[in-house]
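Biologist: I have a structure to read and a list of terms I do not trust yet. Can we take them one by one?

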Amino acid sequence: MDSYPPEFILHHVPLMAVIGLGTARDLAEQPTPTNGSVQNSPGSKAQSRRSSLSAASIPRQPPSKALLSLLTAKNQVGIWGPGRNAIAGFHVVAVEKNHQFPPRKPTMRPPAQTHHPNMPVAHSPISPLTSGSPVHPDGLIPPIWVKKHREVLPSVVVGFYELWHHSSPEPINEKEEISPTQEGTIESMDKEKDYILAMEINERRKSLLERGIKFSAVMLLKTQNIDKTMDERMFLKDQAMDERLAYIRRVSGLDARHAFFVLPPSQHGDFQDFVTNLQKSLYEYGLNYYREHGKRVKRKRSRLPSPSGGNYMRPPPPLSEKPSTSPQPLGVQGWMIRYDYKLATFAEFRQDMEAAIRYYDSAYNLIIDLFAPQSSITPGATGLPIRSKRWIEARMLADTISLKICKLNLYIDSPSAALSQLNKHVSTFKDISNTLGIGEDTFEYWAWLSKQYRVFADVLEIAIRSGFTIPDPEKISHNTTTSDFRFSMSSMSSMSTISNNPNTGSGINPTMVLQHPGFYYYIAAKYNSLRRKKFLNLEKYMKKEGIDKSILPPQDTLDAEQSIDHSTLTIELYTKSYEQFKTQKTGRMTLYLASEIANTYLDAGKYETALKFFERIAKTYRKEHWHTILESILRWSLVCAKELGTWEKVVEYLVELLSDQFSISNQQRIEIHSELMDILFKMNIDNLPELRQIVIDMDEINSFLTCRVQFKDDATFIGAETFFQIAFSTQAESPPIPLRFTFLRLSFNDSYFNHFLRDNNNEKDSTKLEWIDCKNCLQEDIEGEGLIWVKDVDLNFNKGITKVFEGSIEPKESGDLQLQAVSLGFLTDRWKVELHFNLKNTREEHSKRKWLIGNNDSKDQVTKPTYTVLNGTGERTSIKATQKLARLDIQAKHSAPALLDEYYPIELTVVNSEQDDVKTFLNAEIVTDVPSNSENSEDFITLDPTTTTNVSNNLRDIDIGIIPSGESVVKIIYVLGKKSNLPRTLHLTVYYASTNSVPSTPFPSRGWIEKKEDFRIHFITPFNFSFNISQQSESICKRKSENSMERVERYFLVAKITTTSPCEILVTDIDLNLLGQANAQTRMEITTSSIEIDDDFQGQVWKQGNIYIVNYLLELTLMDIKKLDIDIGLLVIQWKRNQQSSVVKDIKIPCTESTVVVPQLIRKKAEISAFIRIPPNPKVGQLFTLVYKIINWTSSEKKIHVNIEVNDSFVFSGYKQTHFIVSGMGEHCFKVNCFPLIGGKMKLPKVNMEKRGEFEGDEETINIIAPGYKEVIEDDYFVIFVKPKVEI
Amino acid sequence: MNLTNSHPDLKFHYIAHTSCDFIDERAIVSGSEPADTYLGLLYTMEDLAVYGYVTNTKVKFVVVLSIPDAVIKNTDIKNLFKKIHNVYINQVCNPFYNLDGKKSIVSKKFIESIDAIGSMSSDEVVSP
């Protein structure tokens, strides 16, 4: 757009000139058009203001400057005007105070004065009739004409004047001596000054009125004019001021309402309103000015003769008298164009867009006729000579008029008209150019066309930025819309044309659909690249010998074209378009543009950038399966990569191009194939590094190979042979000639299993379906691969075949085993190329799983393979390896519950359900359920109850031996639980291995299969014990030696054993094992026991609930009578079950012993003990004596009171109540003679003994102990059985 | 299906691809309404006008016309699309045609039918 004169394309607004505010130079905004044209008077305000020295002395500078900047702030220098709704705005220029506007040429005088046919007419200096004008003699309209009206000739002039004040500096009339202090003179001076000012204004007004220019004056009041405090004599200010202002206005002859304004001093902000109001009130005058101009031009146009009148050569009548110095003065048609253009311009100035369009249109139609070889408007006239100055000018004018029409149509919201103007312009000049021989074959044509679209796009873009919206098709179109007719809100297509055509109903003329600027930028770019192509062709042509120079464009055009960087321009245009589409969120369109940009870079030889673009866009096309596009991109990329020497990429592109997704001929594919082979095997590229490695991810590109992987089974066991198949299928058309890979590598997640299959260079023909055995590989150390499983197989791939590689692995440990990647590769001296199939990502596939069955027959020839169907669908790239499930059963038989302390037999049966004979071992452990106790547990397990050494609560690695398949082995273990009757758990582990593959390493290790089983065992105690110990009477035992310090006491121990076991128990022995005493002087002996007495205690059988009592008479010898607690010993029972557990048949289980601790003997600590000796076998009527023996354990004597209660059973002799003294450490015997009266169980006469102290109340009852009897409690007393008299 | 020789195939592939954008956009706008499948003019580029049509199963048809400088009736284009749709339905009804396959249609009959539509005169198009 910059290549056109700005005057022709900028929007016009009325021009206002302001006087008295200085020039725009002060604001440094834009060059003042009047600059230099008018001499500044030396004393002008502007001059003084510019002087920095006097700047401080000028108080009104800031307001005037502020006013000027406000006025010029809205200067519209844009292509797009303020819009229809914008408030009245002027283009404001500031001119000097004494600025003289250019004189009017005489023809512009009012018609009444002008029409003097004989008078020589002066013309405007830029008229074609004026020699020296740029358009003399036959030009149309020079830009300077527009500029004149845009910037020089105002429609409204506003003068800013200051009211004189004596205190203000006197720039205007310095010569006059003014003494501010002179009284009386000030008033008269005011008047004088005001008169001068009024005359000046009047002069100005008149001179402008003559030209039809509206003049307004603005009086700027100063603070001094108003502020009373400044000067006492100004007290009448208001009134005087009004008078002065009215005077000035009157004298200058200005209209009070629209031509005379007063601006009081004020803050900056208030000027804004003033400026707005000023412009608003003068706006209509401005428009009137242009209206008048328009009318005048219209009149002139109407006086033109018809161009078809045949006198086109003759100048128009008003000009006819003027002797023509030009051989070809401007024809009538030219004048029509001029007038039409002027009319349009003035209409635009007054913002009458519709009229402007009309006139521009008319001018346009006339102007395009000039290009025709034979004018249709002016008969006989020939077109402008091609490439002449006028021709170029006219063409530029036509372009700009067209642009104006487009723009103004956008202005009035008529987008389709704008578009149709563009189409019209393009098609018209297409025809014109073609007929003139500068058409579609020349770069000039395309350059021009590209420019038209670009400018249009620019305008459209500016319009959109300024608020224009590409109309919503839904709202404009389809007056016959039916419900099924639907349009989106898309701003892409506009159907505004529809309304213009009544027939359309629901139809569209696609050429009339205005789209967003992106499209037009695209077209511009497209044509620009065509322009480049044409130019390159031309250059090529020019280099040839003997060409016809006449058809070449002028040399300067060629030179200019030479200097243009076409590609950069094209890319710029594409980029503009790209950005437009990007904002429209049409991602695919941007890809298309990116591909165009890339192509342009490619053309320009910027391969690296181009390649970057190609790579970026290729992804989407690949993903969305647009193969044709992708193929083209790949081919271009290939070109770039080759140019750049990035051979890795070349290989990659070639591999992808092999895919038969691209519909290319077989011949082309063979070319690609051989190119690839050449690069890999033959080409010796310089500066290649030692080995170029490329990994091409085949999942990311269109691959000519597909790879499918299957593990045969869903799961496998450690050590089991696990089969997998990898099927490679080539496409029906690719590779066009057999392709032989060097290696096939299988990568597992456990690199131990990685396979490396090498080509065996077998030249046999491949069949459509081939099964290849890859089992039984050998582990080898391959360079670059490490230790790997290797085998040589056939890796020759023809088109349309499937090769299935079957291999096997043996998992070492449990877990997921995954085949992660498969790579087919070439390995040459220079290259290592891998076609990498990544299997980690799940690939969607829904077909049934298939397994190819192939077998090698005896001659190592593969028989015809067939597919079988496996369970499931899709692929299976991983397999779960687990420990093999034990196929072994452990059964346990025992007769619960177990008794504590017994050898509890458990019969284990191990059943082998495996196919093979197995070698089996057993681990067993017994654990009490309370874990805290487990360490102290005395439980144990044993295989042999007869040996009890080295037993513990577990058994390890017990060899059960070899169990034949399907058979079982019985093993008996014995469990012995002690103490706690909590339930126990028996943990059993049986591990085994097939007899023909017994691992060399012990369990647990690979190869052993283990089986675990737990059993719970309940324990109960077989016996309950209770003990009773009583002291025997002292007198009964004789003292060993009276002098001995030893004391001997006798105790009677009664052990009561209750059988709680539910089963019968055979007791073989009961024994009391005395414990050794802590003190050597203390001895305990068993005097006698009931067991010893009972000689026939051999193998008693106790049943549940049976109670057996064992008595022991114990003799305690001790020195220290104060020793109180004496250990006795352990009661041990030897026993076993009466009936052996059914699981044990012929094994004799030995007796076990249950041990219980006899409670400690607690000796009494009484001061005095009393014993009674009850004679055996009393009879009725037979006297007997009860002897009470009282022992005083203290060293002091004690007094004992005795009182005997009588009862009916006995009569007794002696004191009923008595007392005696027992000496310290002495004894006393007290006898009671009793005569039994009645037989049977009788209570003895109760003897109450009391120890009496010195004081009343110091009594203590003495307990009487009768050996063999229970201790007496409360009122009870000893009961004896009295035999009745025999005689009775 | 390229029925003219004015542009290389590649151009039409690009146009078909880019028109997906416009179809998507319109499909979003039309939203849930059980609307007509004809999408109208998608865009014009250079001298080509691109029209779109979407079946209920979201199969997209794109017709590219070289622009005549005249009004193109929507009913004409709609009929054209209906014919194409019918041909496509016939193709899909073929039990041997893999609908989910990502390959382009190779049926000879389909191509012939589309060719026939392309070579129809506008009058034939109007009367389906």
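Modeller: Leaving aside neighbours within four places in sequence, Leu899(A) is in contact with Ile1020(A), Pro1022(A) and Ser1061(A).

Biologist: What makes two residues "in contact"?

Modeller: Their C-beta atoms, placed from the backbone, lie within 7 Å. Before we go on, this is a predicted model: local features need pLDDT of at least 70, side-chain atom pairs count only at pLDDT 80 or more, and totals for chains, interfaces and linings use all residues. Residues are numbered from 1 along each chain as its sequence is written, while chains are lettered from A and ligands numbered from 1 in the order in which they are written.

Biologist: How far apart in sequence and in space are Leu899(A) and Ile1020(A)?

Modeller: They are 121 residues apart in sequence. In space they are 5.0 Å apart, C-alpha to C-alpha.

Biologist: Why is Leu899(A) called buried?

Modeller: A residue is buried if 20 or more other C-beta atoms lie within 10 Å of its own, exposed if 12 or fewer, and partly exposed in between. Leu899(A) has 25 within 10 Å, so it is buried.

Biologist: Why does Ile879(A) count as buried?

Modeller: Ile879(A) has 22 C-beta neighbours inside 10 Å, so it counts as buried. Its contacts beyond four places in sequence include Phe711(A), Asp713(A) and Leu817(A).

Biologist: What makes residues 878–882 strand S23, where Ile879(A) lies?

Modeller: Strands are DSSP runs of E, at least two residues long; helices are runs of H or I, at least four; both are numbered from the N terminus. Chain A comes to 25 helices and 54 strands.

Biologist: How do you know that S24 and S26 of chain A pair?

Modeller: Two strands pair if DSSP finds at least two bridges between them. S24 (residues 888–893) and S26 (residues 904–912) have 6 bridges, in the antiparallel sense. One of the partnerships joins Ile890(A) to Val910(A) in S26(A). S26(A) also pairs with S30 (residues 968–976), antiparallel, over 8 bridges.

Biologist: What span is expected of helix H20 in chain A, and what does it reach?

Modeller: The expected span is 1.5 Å times one less than the number of residues. H20 (residues 587–604) has 18 residues and reaches 25 Å from its first C-alpha to its last, close to the 26 Å expected.

Biologist: Why is H20(A) called largely enclosed?

Modeller: Of its 18 residues, 13 are buried, so H20(A) is largely enclosed by the rest of the structure. Across chain A, 37% of the 1288 residues count as buried.
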